[in-house]
Amino acid sequence: ILKMNSFLRHLILIGLIYLIGGFLLSIYAQESTNNWEQEYGIEDVSEEDEPDIESEENEIPLLPDWIKGYFYIQHQEYQYRNNNPLNPENKLFDFKTYKKSTLLDIELNPSLTDNLKFYSKDQLRYQKSDLDSNSQHYSQEVYLQWLNDSQSVVVNTGKLKTEWGSGYYWNPVQLLIPNHDENTDTVYEDEGLNMIFIEFSTEPVTTTFILAELDDQYSNQKDRTQTALKIDISMEPWDIALFSHQATNQKLSSALSFSGLITDAFEFHGEWAGTYQRDRDVPVQKSKGVQYPGFYLPGRYDYEEDQRDVLFQQYLIGIQYTFQIDMNIILEYYYSDHGYNQKEWDTIKDGVEEAHQDDAWEKNTSPYTSSQGNPYPGFLKNTMSEIGKGNLRQNYLFLRYDSGEFEENWSFEQILILNIDDQSQIHQSEIDYNWMDELEITGSVNVFKGDTESEFGMNPYQHYFTIKVEYNY
């Protein structure tokens, strides 16, 4: 309770800081404020005026339109696997059985002058599970934006997040490398990068140039950076984009995306990307198993960086069809050279099997250990880490069905992700209720299916349930 009260005080304090700061910015942005007052008409209001629909729609909101965000409370219940080969006898990992989350998201987007804007997106989050609890505040984006009078030139500087690509579930053309925490092996995909973003628009071509920071995991040079170039060509009903990316000490990467309408209801899209840097380590056999008189010493396995100087390709092909009753279906096929081929996956399975031989994973005496410790549980832990990153194999299918709105504000969504290489699957069912376009209540269930030697069958959880209440302001 004390921790929660402390969090609430922190939450209220942050909210007050943003509100006060926002209104100070509004004083500076006098023209924006005047436009807001004129839009909602706060003058010439008398008691004789009869209320009508138009005047109610022009009611002054609690906050100006450049302050928005959302607040949600979420509860999740997990069922983990008792027979997971990467967690023998449940001794290597402790998995949570529930998680409660509270999040406040605040977006500010005031106009400082006719040509200058400020944008920030901050989040304050509190999480509690049966294993731990924590609170954190972080900024997803904070930047200044300058536009010329015709808005054909845009310059952003600060912390930005780019969202490129035409795919719904996968986006191979997202070539910018996100920051990475080596201690926790966490990739900060939800946070932007410090960059300079310049965009020029001349119909039908839009050109974007980015100069961004590069995490020290990818280069030890002091002046490490990454650059990206995007050329977008819009020719209705088609949109085509070309991409290139260069990071310090890495070869040039390139990509392509397209999307367009075959008919008013039928959309076709696709992406391709080629890079010379593999996005994951590969499993290798360090030593073969040896049969000694009286016992067997299992072979040793580990993960190493892929040093091959070859082009790793990814591509995606997808279709989307929308019915007249607002029902929508999306189907996508995704292939990636970054994923493990059958030979590499067999190496992983062999390494897991060897770690289980004679319970080698829990032995703490010679010859199972060395000066660096016991390598067998290490391989199991590293494999579990790779499982958590997702897209371990090469061929996937994504299918999404969206019912559209029915029964006044209700909607239903069903998602299937199929690993074609080993036939394992993720099933997600979600039902939503929207009230007054501000309050949304969501219930969902995720199920991971597959045998114990498949990607999703090795996922630590069999399934989990989620209930979420979100308020948008």
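**Exercise 1. Which residue in β5 is the bridge partner of Val142?**

Before we start: this is a predicted model, where local features need pLDDT of at least 70 and side-chain atom pairs count only at pLDDT 80 or more, while totals for chains, interfaces and linings use all residues. Residues are numbered from 1 along each chain as its sequence is written, and side-chain values use heavy atoms, with hydrogens and water left out.

*Solution.*
- Begin with the elements: strands are DSSP runs of E with at least two residues, helices are runs of H or I with at least four, and both are numbered from the N terminus.
- Strands β4 (residues 133-147) and β5 pair in the antiparallel sense over six bridges; to pair, two strands need at least two DSSP bridges between them.
- Within β5, Lys159 is the bridge partner of Val142.
- Now look at the turn: five residues separate β4 and β5 in this hairpin, and Gln151 there has a positive phi of about 60°.
- β5 also pairs with strand β8 (residues 193-202), in the antiparallel sense over eight bridges. Here the bridge partner of Asn156 is Phe197 in β8.

**Exercise 2. Compare the span of helix α5 with its expected value, then inspect its ends.**

*Solution.*
- The expected span is 1.5 Å times one less than the number of residues.
- For the 15 residues of α5 (residues 375-389) that gives 21 Å, and the end C-alpha atoms are 21 Å apart, so the two agree.
- At the N-terminal end, Asn374 acts as a cap, with a side-chain oxygen 2.9 Å from the backbone nitrogen of Tyr376.
- After α5 comes Gly390, with a positive phi near 80°.
- The buried residues of α5 (buried means under 20% relative accessible area, exposed over 50%, partly exposed in between, with a 1.4 Å probe and protein chains only) include Tyr376, Phe379 and Ile387.

**Exercise 3. Classify the ring pairs Tyr80 with Phe95 and Trp170 with Phe398.**

*Solution.*
- Ring centres of Phe, Tyr and Trp (its six-membered ring) must lie within 6.5 Å; planes under 30 degrees apart are stacked, over 60 edge-to-face, and the rest tilted.
- The structure holds 24 aromatic pairs. Tyr80 and Phe95 are 6.3 Å apart, centre to centre, with 45° between the planes, which makes the pair tilted.
- Tyr80 lies in strand β1 (residues 67-80) and Phe95 in the loop between β1 and β2 (98-108), so this pair ties together parts 15 residues apart in sequence.
- Trp170 and Phe398 have centres 6.2 Å apart and 80° between the planes: edge-to-face.
- Trp170 sits in the loop between β5 and β6 (180-181) and Phe398 in strand β20 (residues 395-402), so the parts tied together are 228 residues apart in sequence.

Conventions:
A polar contact is a pair of N or O atoms within 3.5 Å; within protein, one must be able to donate a hydrogen and the other to accept it, and residues adjacent in sequence count only if both atoms are side-chain atoms.
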